[in-house]
Amino acid sequence: MTRALVVIPTYNERENIAAIVARVRAAVPAVSVLVVDDSSPDGTGVIADEMAAADASVQVLHRTEKNGLGAAYLDAFAWALAEGFDPIVQMDADGSHQPEQLGRLLDALAAGVDAGAGAGAGAGAGADAGRPVDLVIGSRWIDGGSIENWPRRRQWLSRGGSAYARWVLRLPTRDATAGYRAFRADALRRIRLDDVHTRGYGFQVDMLWHAREAGLVVVEVPVTFVERERGRSKMSAGIVIEAMMRVTGWGLRSRFGRGLPQPASSNGSETRRSRA
């Protein structure tokens, strides 16, 4: 492992951010952490700055607007690539992605595709045997993966969303909406991040589609997803419906030869660093 970075976007996560960063640093002490805060009115950014002042492996990006998870990640990816980090990991701030399982993602990224073990659902084991893995997804929906403390309705919503995205976009990945991911830096460059324009919930599917179009090797490892204990979820039925509508549009473009989605609009945000 070289200079690994865990990116944690935040908005009103003051109840969770200190604990999740501490767990990441304890689980894999060699990694650095980048907190990306969208000017949280509850003071999350202030807490993140205090952690950064106490730990040189923690840094903070303060964004001036709350304009979507995708925008936060894209700003973070650009920063991480410029700073020379590799690999780069996505992780939620609310504890749903367990830092104690981070090693699974990093190990799979380092191991390459094993023809005998298979390649999750994302890369054909035979054809890709011996190739380096570009993207590892912490999956809820493969053997060994699970969810704790979710109501059955939400589980079916998540499963259905992944299944629909897989069918419409012809994606081989079982958990297409998963947000626990580890990328090689070169994989992010090959995706051409300037062409990823989704800012909301559909960002995860959008990135996965771009990864497939770029010919990246994607594997899944099982993780246990745990429902947050503190704070409020940002998820809603409206957000999911909007994402599925976007997926439908992308699928139609793909099937009728119009390719990847076109820009929607500029997000208009500014980013500033809290550490030199």
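**Exercises: Ser139, helix α3 and the cores**

Ser139 touches Gly145, Asp175, Glu220, Val221, Pro222 and Val223, leaving aside residues up to four places away in sequence; contact means heavy atoms within 4.5 Å. The model is predicted: local features need pLDDT of at least 70, side-chain atom pairs count only at pLDDT 80 or more, and totals for chains, interfaces and linings use all residues. Residues are numbered from 1 along each chain as its sequence is written, and side-chain values use heavy atoms, without hydrogens and water.

**Exercise 1.** Place Ser139 and decide whether Ser139 is buried or exposed.

*Solution.* Start with the element. Ser139 lies in strand β5 (strands are DSSP E runs of at least two residues, helices H or I runs of at least four, numbered from the N terminus). Then take accessibility. Ser139 is buried because its relative accessibility is 0% (buried is under 20% relative accessible area, exposed over 50%, partly exposed in between; 1.4 Å probe, protein chains only).

**Exercise 2.** Describe the cover of α3 and what follows the helix.

*Solution.* Count first. Eleven of the 15 residues in α3 are buried. Among them are Tyr73, Phe77 and Trp79. Then step past the end. Gly84, just after α3, has a positive phi of about 85°.

**Exercise 3.** Find which residues touch the most other members of the largest nonpolar core.

*Solution.* Apply the definition: buried Ala, Val, Leu, Ile, Met, Phe, Trp, Tyr and Cys residues, joined through side-chain atoms within 4.5 Å. The core has 38 residues; Phe77, Ile88, Leu188, Ile191, Leu193 and Met207 touch the most other members. Next, the source. α3 gives the largest share, eight residues.
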